[in-house]
Amino acid sequence: AITVVLDKELDVSRGDMLVHQQSVPSISRTLDASLCWLSTAPLDTRRRYLLRHTTREARAKVERIDYRWNVSTQAREPRPATLAMNDIGHVRLALAQPAFVDRYADSRATGSFILIDEATHDTVAAGMVQ
């Protein structure tokens, strides 16, 4: 356990981020991300999922799938209808609440997330913010 003493009276609680003012993460309600689909049920762009990022959760919807990476041919397959188990794709997510994110290349901790099925609470995907 730690105690943090601030020079100003601020409402800070579990899950809030303290960052240097030169390292402020992006604040966004949309994320472009690489996604590895882990579920046996395919990605359904009509459904909502829970995005768990750091210690926070927000409802998320896959707005579009830009491409699927074909590991056999090492080529992009543009605009697939869905992602199946073990597929890797590039997607755009729309979030119900803003997220404080960095690119995965800059910070693994604030650049990664998981998607959870709201009905079953199963982890369905792991993602990296691009």
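What percentage of the 130 residues of the protein chain count as buried? In this predicted model, the share of the 130 residues that count as buried is 32%.

## Overall architecture

The protein chain has 7 strands and 0 helices, and its pattern, read along the sequence, is β-β-β-β-β-β-β. The C-alpha trace spans about 55 × 30 × 25 Å along its principal axes. Among the contacts in the protein chain with a separation of 6 or more, 62% are accounted for by residues 24 or more positions apart.

## The largest nonpolar core

The largest nonpolar core holds 21 residues, and those that touch the most other members are Leu35, Trp37, Leu51, Leu93, Phe113 and Leu115. Two or more residues are given to this core by each of strand 1 (26–37), strand 2 (48–53), strand 3 (56–70), strand 5 (88–101), strand 6 (112–117) and strand 7 (123–129). Strand 5 gives the most, with 5 residues.

Trp37 deserves a separate description. Not counting residues up to four places away in sequence, Trp37 touches Pro42, Leu43, Tyr49, Leu83, Ala84, Met85, Asn86, Asp87, Leu115, Val124 and Ala125. Leu115, one of the residues in that list, is also named among the core members that touch the most others.

## Residues followed one by one

The table collects the accessibility of five residues.

| Residue | Relative accessible area | Class |
|---|---|---|
| Leu95 | 7% | buried |
| Ser28 | 18% | buried |
| Ile114 | 24% | partly exposed |
| Ala96 | 41% | partly exposed |
| Arg79 | 55% | exposed |

Ser28 is found in strand 1, and Ser28 counts as buried because its relative accessible area of 18% falls under the 20% cut-off. A polar atom of the Ser28 side chain lies 2.5 Å from the backbone oxygen of Thr30. Leaving out residues up to four places away in sequence, Ser28 touches Leu95, Gln97, Pro98 and Ala99.

Which residues does Leu95 contact, leaving aside its neighbours within four places in sequence? Leu95, whose place is in strand 5, is in contact with Ser28, Arg29, Leu31, Leu51, Arg59 and Ala60 under that restriction. With a relative accessible area of 7%, Leu95 is buried. Measured in neither case along the side chains but from C-alpha to C-alpha, Leu95 and Arg48 are 9.6 Å apart in space, while 47 residues separate them in sequence.Ala96 also has its place in strand 5, yet Ala96 is partly exposed, with a relative accessible area of 41%. The residues that Ala96 touches, not counting those up to four places away in sequence, are Arg29 and Arg59, and both of these names also appear in the contact list of Leu95. The C-alpha atoms of Ala96 and Lys61 are separated by 8.5 Å, although the two residues stand 35 residues apart along the chain.

Ile114 is placed in strand 6 and counts as partly exposed, at 24% relative accessibility. Its contacts, again without residues up to four places away in sequence, are Leu50, Leu51, Arg52, Thr123, Ala125 and Ala126. Between the C-alpha atoms of Ile114 and Leu93, which are 21 residues apart along the chain, the separation is 12 Å.

## Backbone angles in two loops

Most residues other than glycine have a negative phi, and most peptide bonds are trans. Where does Gln74 lie? Gln74 lies in the loop between strand 3 and strand 4 (75–78), and its phi, near 60 degrees, is a positive value in a residue other than glycine. Arg79 is found in the loop between strand 4 and strand 5, and Arg79 likewise has a positive phi, of about 50 degrees, although it is not a glycine. Arg79 is exposed because its relative accessible area of 55% is over the 50% cut-off.

## The largest pocket

Rolling a probe the size of a water molecule over the atoms shows where empty space is left. About 200 Å³ of space lies in the largest pocket. The residues that line this pocket are Leu6, Asp7, Lys8, Leu10, Val12, Asp16, Met17, Leu18 and Val19. Sorted by class, the lining has 6 nonpolar and 3 charged residues, and no polar ones.

Methods:
Residues are numbered from 1 along each chain as its sequence is written. This is a predicted model: local features need pLDDT of at least 70, side-chain atom pairs count only at pLDDT 80 or more; totals for chains, interfaces and linings use all residues. Side-chain values use heavy atoms; hydrogens and water are left out. A nonpolar core is a set of buried Ala, Val, Leu, Ile, Met, Phe, Trp, Tyr and Cys residues joined through side-chain atoms within 4.5 Å. Buried means under 20% relative accessible area, exposed over 50%, partly exposed in between (1.4 Å probe, protein chains only). Helices (H or I, at least four residues) and strands (E, at least two) are DSSP runs, numbered from the N terminus. Contact means heavy atoms within 4.5 Å. On a 1 Å grid over the protein atoms alone, a cavity is a set of points where a 1.4 Å probe fits but cannot get out, and a pocket is an open set with protein on both sides within 12 Å along at least five of seven lines; lining residues have an atom within 4 Å of a point. Grid points are joined across faces, edges and corners, and a volume is the space filled by probe spheres set on the points. Ala, Val, Leu, Ile, Met, Phe, Trp, Tyr, Cys and Pro count as nonpolar, Asp, Glu, Lys and Arg as charged, and the others, Gly among them, as polar. A polar contact is a pair of N or O atoms within 3.5 Å; within protein, one must be able to donate a hydrogen and the other to accept it, and residues adjacent in sequence count only if both atoms are side-chain atoms.
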